[in-house]
Amino acid sequence: MNDCIFCKIVAGDLPAEKVYEDEKVLAFMDIRPTNEGHVLVIPKAHSTNVLDIEESDWIEVAKATRRIAKATKSATQACGLNLVMNVESCAGQVVMHPHAHIIPRYENDGLDIWHGKEYESETIMKELANKIRNKFA
Ligand code: 5GP
Ligand code: ZN
């Protein structure tokens, strides 16, 4: 936890361009934006990602993300946003402290971060749906 750069930002030991703060949540500008105006929203308490965050912190991050998303879209005059969380290294998570990305989208910005693909068969989709449903059984 001591090596966590986002905990250091929360503690004030590393600088950040903050845009929002409350008791549980901090939001600041991403230092290497996917698009201009890219904001990160984090819980102040350390955990790894959405899979182990305290549910109460998750709720506060979700509430704040919605408010900050509206402010960011309005301030940047973006035509839309991508709200993204990378969960675990294989999905692109580099900083192991939960964070929601708010990425403003602009007309013809050239970003292509969402690819759909076809299932080889409907059976595969249905089998996966069954496996997921069984986790709630
Ligand atoms: P991830 O790939 O873990 O989902 O995203 C981590 C994000 O944190 C990246 O977009 C990266 O640019 C940003 N980031 C990494 N280090 C710092 C930092 O020290 N300050 C700020 N403001 N952003 C950072
Ligand atoms: Zn941390």
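**Exercise 1. A residue in a loop**

Is Gln77 exposed or buried? Work from the predicted model.

Solution.
Step 1. Find the residue: Gln77 belongs to the loop that runs between α2 (55–76) and β4 (80–84).
Step 2. Read its relative accessible area, which is 69%.
Step 3. Apply the cut-off: exposed means over 50%. Gln77 is therefore exposed, at 69%.
Step 4. Check the backbone. Gln77 is not a glycine, yet its phi is positive, about 55°. This deserves a note because most residues other than glycine have a negative phi.

**Exercise 2. Another positive phi**

State where Glu88 lies and how its accessibility is classed.

Solution.
Step 1. Glu88 sits in the loop between β4 and β5 (100–105).
Step 2. Its phi is near 80°, a positive value, and Glu88 is a residue other than glycine.
Step 3. The relative accessibility of Glu88 is 35%. Values between the limits of 20% and 50% are called partly exposed, so Glu88 counts as partly exposed.

**Exercise 3. The protein as a whole**

Describe the order of the helices and strands, the dimensions and the buried share of the protein.

Solution.
Step 1. Count the elements: the protein has three helices and five strands.
Step 2. Put them in order from the N terminus: α-β-β-β-α-β-β-α.
Step 3. Take the spans of the C-alpha trace along its principal axes, which are about 50 × 40 × 25 Å.
Step 4. Of the 137 residues in the protein, 30% are buried.

**Exercise 4. Distance in sequence and in space**

How many residues apart are Glu55 and Phe28 in sequence, and what is their C-alpha to C-alpha distance?

Solution.
Step 1. Glu55 is part of helix α2.
Step 2. In sequence, 27 residues separate Glu55 and Phe28.
Step 3. In space, their C-alpha atoms are 22 Å apart.
Step 4. Glu55 counts as exposed because its relative accessibility is 61%.

**Exercise 5. The surroundings of ligand 1**

Which residues are closest to ligand 1, and which elements give two or more residues to its shell?

Solution.
Step 1. Ligand 1 is surrounded by 16 residues, and the closest are Asp30, Gly92, Val94, His99 and His101.
Step 2. Sort the shell by residue type: nine are nonpolar, five polar and two charged.
Step 3. Identify the site: the largest pocket is the space taken by ligand 1.
Step 4. Two elements, α1 (5–11) and β2 (25–29), give two or more residues to the shell. With three residues, α1 gives the most.

**Exercise 6. Polar contacts of ligand 1**

Which protein atoms lie 2.9 Å or 2.8 Å from an atom of ligand 1?

Solution.
Step 1. Start with the nitrogen atom of the ligand: a polar backbone atom of Met29 is 2.9 Å from a nitrogen atom of ligand 1.
Step 2. Turn to oxygen. An oxygen atom of ligand 1 lies 2.9 Å from a backbone N or O atom of Val95.
Step 3. A side-chain N or O atom of His99 is 2.8 Å from an oxygen atom of ligand 1.
Step 4. Consider the cover: on its own, ligand 1 has 520 Å² of accessible area, and the protein covers 81% of that.

**Exercise 7. A closer look at His99**

Is His99 buried or exposed?

Solution.
Step 1. His99 is located in the loop between β4 and β5.
Step 2. Its relative accessibility is 7%. Buried means under 20%, so His99 counts as buried.
Step 3. Look for a partner within the protein: a polar side-chain atom of His99 lies 2.6 Å from the backbone oxygen of His97.

How values were computed. Residues numbered from 1 in each chain as written. Chains lettered and ligands numbered in written order. Predicted model: local features only at pLDDT ≥ 70, side-chain atom pairs only at ≥ 80, totals over all residues. Heavy atoms only, no water. Near = heavy atom within 4 Å. Polar contact = N/O pair within 3.5 Å; in protein donor to acceptor, adjacent residues only side chain to side chain. Areas by Shrake-Rupley, 256 points an atom, 1.4 Å probe, with all protein chains shown as cover. 1 Å grid on protein atoms, 1.4 Å probe; cavity = no way out; pocket = protein on both sides within 12 Å on 5 of 7 lines; lining within 4 Å. Sits in = over half its atoms within 2 Å of the grid points. Helix = DSSP H or I, 4+ residues; strand = E, 2+ residues; numbered from the N terminus. Nonpolar A, V, L, I, M, F, W, Y, C, P; charged D, E, K, R; others polar. Buried < 20%, exposed > 50% of the residue type's maximum accessible area, 1.4 Å probe, protein only.
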